[in-house]
Amino acid sequence: MTNRPNHAATLVVATLVVTASPGLPATYAEYRDAIGYTELVQALGPGTPTGSGIGVTQVETLNDEGHYFPNPSDPELSGMLLTDVTGTSTGYSGHATVVGRHLYGSDTSTAPGITEADAYWATDWLLSGFLKTGNSFSGAPLTESRDIQNHSWASPTHALATNASRRLDYAIRRDGFTAAVGLNNGSDTSVPHLMAHSYNAISVGLTNAEHSRGTTLFDDAGRVKPDLVVPLSATSWATPVVSAAAALLIETARGTPAWAPAEQPEAVKALLMAGATKDEFTHWDRFPDRPLDDVFGAGELNVFNSYLILTNGPQSEGALAAPSGWAARTQEPGTAIRFFFEVPPGHLAAELSAMLVWNRHIVDGEPRPNRWDPVPELPDMTLTLRAAEGFVPGAVVDLSTGAVDNVE
């Protein structure tokens with residue numbers, strides 16, 4: 001992989017080499033089967049991560065009664081410490097409750113070990129409650145102390161969307177949290193202004209393709225969304241499934257000091273996207289200048305694959321790498337980092353999944369007292385697959401060179 005000038009960047013590359021023929025598409029009778037969670041439980045048994053110790057923030061719009069808070073009396077949410085950060089919800093939201101079930105519910109979620117969640121009304125979170133969107137005189141966004149933000153809401157258009165997206169990207173990189181953001185429901189809708197135009201968040205669609213179609217519309221238009229898809233009926237439920245999967249990975253990484261870099265948002269994003277499967281789709285493709293499929297992104301979430309990539313550990317450049325693994329590096333402009341892997345004699349690599357992910361940088365465009373204007377800086381990376389002999393790179397087999405993306 002090569003960093004083209006002009007900025008240094010911390011990047012994460014995650015790979016999964018499959019050396020067996022692809023299996024049949026998963027059934028969707030139970031989403032946890034389809035996303036590899038059942039397989040994970042079968043492999044790990046009592047050692048399966050649960051999201052224990054992971055804190056989450058849940059951002060919701062108002063329902064018809066003006067409520068945004070999940071119902072703590074719901075049987076699946078009993079034992080949760082739910083905090084109304086906005087502080088104005090006098091009742092409960094059915095939507096927020098179902099999102100909560102998929103994010104931290106005792107039966108529905110894959111991360112039932114999560115026990116603490118903060119809740120915001122989306123407008124408050126967008127304005128004075130967290131991002132401070134559109135108000136340069138109020139400073140940078142507030143600090144996020146939780147590990148994950150879940151956004152099962154969207155705004156099709158918004159006059160301050162560029163400012164909001166840049167502020168979210170800044171907060172993600174500064175505070176080191178993972179953010180999952182939902183697309184609109186419906187294949188005839190465009191990518192919503194909020195919050196799916198974020199670079200550093202993970203955008204979520206549906207395996208059945210009934211989600212926003214097309215590319216980003218501003219702030220460097222043309223980036224493909226979503227990043228991942230999930231086999232559920234609405235993006236509101238699919239998004240917390242990705243958040244829950246992130247919780248399992250963060251908990252696992254946190255248990256091994258050498259894996260600490262894998263807790264960072266660009267690492268979590270790379271691990272989830274590299275583990276995604278494509279067999280579910282009759283047509284999935286990408287091109288050198290378009291790193292993801294224009295409908296299904298990196299593919300369908302598979303937490304078992306992502307867990308295997310993570311637990312195979314960090315790999316060293318310039319040496320023979322394991323069939324799956326990851327690496328986090330700070331790369332200087334104009335330099336290349338190389339990883340080598342081997343397909344043993346007599347074996348066929350039926351699939352190679354490699355994801356290169358880095359964060360967009362946001363700086364203060366007017367560094368003066370009482371003013372904060374977010375200005376983006378985006379390193380430009382290339383991911384190249386080459387043949388090799390004796391650790392000497394040879395002919396190019398494939399490459400990914402998206403000019404406006406922060407994934408390859």
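**Notebook: helix packing and aromatic contacts**

I looked first at helices H2 and H8 and found them oblique to each other (outside under 35 degrees for roughly parallel, over 145 for roughly antiparallel and 65 to 115 for roughly perpendicular). The model is predicted, with pLDDT of at least 70 needed for local features and 80 or more for side-chain atom pairs, while totals for chains, interfaces and linings use all residues. Residues are numbered from 1 along each chain as its sequence is written, and side-chain values use heavy atoms, without hydrogens and water.

The axes of H2 (residues 37–44) and H8 (residues 303–311) come within 7 Å and cross at roughly 50°. I noted the contact residues (heavy atoms within 4.5 Å) as Tyr37, Glu39, Leu40, Ala43 and Leu44 of H2 and Val303, Phe304 and Tyr307 of H8.

I then searched the whole structure for aromatic pairs (ring centres within 6.5 Å, using the six-membered ring of Trp) and obtained 6. Tryptophan 125 and phenylalanine 130 are stacked (planes under 30 degrees apart), with centres 5.8 Å apart and planes at 10°. Both residues are buried (under 20% relative accessible area, 1.4 Å probe, protein chains only). I recorded Trp125, Phe130 and Trp153 as one aromatic cluster.

Phenylalanine 340 and phenylalanine 391 form an edge-to-face pair (planes over 60 degrees apart), 5.1 Å centre to centre with 75° between the planes. Phenylalanine 340 is buried at 12% relative accessibility, whereas phenylalanine 391 is partly exposed (from 20% to 50%) at 46%.

Lastly, I looked up a charge over a ring (NZ of Lys or CZ of Arg within 6 Å of the ring centre and within 35 degrees of the ring normal). The charged end of arginine 223 sits over the ring of tyrosine 199, 3.5 Å from its centre.

Terms used:
Axes fitted to C-alpha atoms, helices over the stretch in contact; angles between N-to-C directions. Helix = DSSP H or I, 4+ residues; strand = E, 2+ residues; numbered from the N terminus.
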